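Visitor: I am new to this structure and would rather understand one part well than skim the whole. Please take me slowly through the metal site and the helix that reaches from it into the rest of the chain.

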Amino acid sequence: MKYVRDTTGRFQQRPHYEPAELDRECETIITGFLKDLYGKVEYPVVTDDLTKLIERDAQDLDLYADLSHYGADVEGVTEFQPNHKPRVSISKELMENDRRANRLRTTMTHEYGHVKFHAYLWDVEPPSPDLLRRVPNGNKIICKRETMIDAAQTDWMEWQAGYICGAILMPKTSVVRICREYAEAHGLYGAVSLQTTHGHALMAQVVSTFAVSDDAARVRLLKLNPRPAPPTG
Ligand SMILES: [Zn+2]
């Protein structure tokens with residue numbers, strides 16, 4: 001990680017991560033957490049454990065928040081408080097609808113990304129009372145559905161939280177192993193294109209292994225773009 005100028009104007013400096021760094025850190029976080037809980041690591045990370053993970057590092061987690069006043073497409077909000085742990089709110093729409101179970105998991109993990117990787121920035125550069133008067137939500141990250149998994153790199157905080165979300169729910173080592181085993185089992189050489197029948201089957205395997213949405217699996221596979229080793233022997 002290195003510091004670069006924050007062109008969004010929110011902070012003087014902001015952290016820049018290479019994807020490989022986030023993959024490493026996130027895998028360390030989730031495997032360490034699961035080992036502490038169970039003495040072993042198994043996927044999918046169950047939703048209750050995502051709750052425990054957030055509660056460990058945040059001051060408060062509200063899974064039944066009414067976020068409608070932020071806009072119809074807002075599904076998660078993290079509020080930062082200098083020298084205190086952040087507060088996380090998740091839209092009750094996700095909790096109350098079983099068909100949105102995967103989106104709930106995605107949103108919780110995305111907000112956790114803000115908690116774990118961004119809270120310290122507010123300690124370093126707390127918003128001034130003047131800024132909070134002008135921008136009343138200046139101490140919050142308000143996250144919309146469409147940037148939960150993937151955002152433009154210019155929106156660095158959302159991009160990082162989206163990447164972290166994928167890297168915690170679908171740790172790189174396991175995804176790469178699934179891709180390699182799939183390719184070996186089917187005699188494929190090189191990266192599996194997601195447009196093909198094999199690509200769809202691979203994506204389905206990632207969806208069921210990690211209990212994520214099709215979209216989350218597709219974005220993660222595209223980002224990792226693992227190139228299986230050529231068959232040996
Ligand atoms: Zn966000």
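Guide: Among contacts (heavy atoms within 4.5 Å) in the protein chain between residues at least 6 apart in sequence, 67% join residues at least 24 apart. The model is a predicted one, in which local features need pLDDT of at least 70 and side-chain atom pairs count only at pLDDT 80 or more, while totals for chains, interfaces and linings use all residues. Residues are numbered from 1 along each chain as its sequence is written, and side-chain values use heavy atoms, with hydrogens and water left out.

The chain as a whole has nine helices and six strands, where helices (H or I, at least four residues) and strands (E, at least two) are DSSP runs numbered from the N terminus. For its 233 residues, a compact globule would have a radius of gyration near 17 Å, and the chain's value of 18 Å agrees with that; the radius is taken over C-alpha atoms, and the globule rule is 2.2 Å times the number of residues to the power 0.38. Of these 233 residues, 47% are buried, a word that here means under 20% relative accessible area, with exposed meaning over 50% and partly exposed in between (1.4 Å probe, protein chains only).

At the metal site, the zinc ion has as its protein donors His110 (NE2), His114 (NE2), Cys143 (SG) and Glu158, which is listed twice through OE, and these lie 1.8 to 2.8 Å from the ion. Donors are N, O and S atoms within 2.8 Å of the metal (3.2 Å for Na, K and Ca), and because water is not among the atoms, sites may look incomplete. Written along the sequence, the spacing of the donor residues is H-x3-H-x28-C-x14-E. One pair among them links distant parts of the chain, since His110 belongs to helix α4 (residues 101-124) and Glu158 to helix α6 (residues 156-169), 48 residues apart. His110 and Glu158 are both buried.

Following helix α6 onward brings us to Ile168, which is also found in it. With a relative accessibility of 0%, Ile168 counts as buried. Leaving aside neighbours within four places in sequence, Ile168 is in contact with Cys26, Ile30, Val45, Thr109 and Tyr112. Val45 is a good example of a distant partner, for Ile168 and Val45 are 123 residues apart in sequence, yet 8.8 Å apart in space, C-alpha to C-alpha. The residue just before it, Pro44, lies in the loop between α1 and α2 (47-57), and the peptide bond from Tyr43 to Pro44 is cis, with omega near 5°.

Helix α6 also takes part in the packing of helix α9 (residues 214-224), whose buried residues are Ala216, Ala217, Val219, Arg220, Leu221 and Leu224. These buried residues pack against α1, α6, α7 (172-185) and α8 (197-210). Leading into α9 is the loop from α8, where Ala211 is placed; its phi is near 50°, a positive value in a residue other than glycine, and at 23% relative accessibility Ala211 counts as partly exposed. After α9 comes Asn225, whose phi is likewise positive, near 35°.
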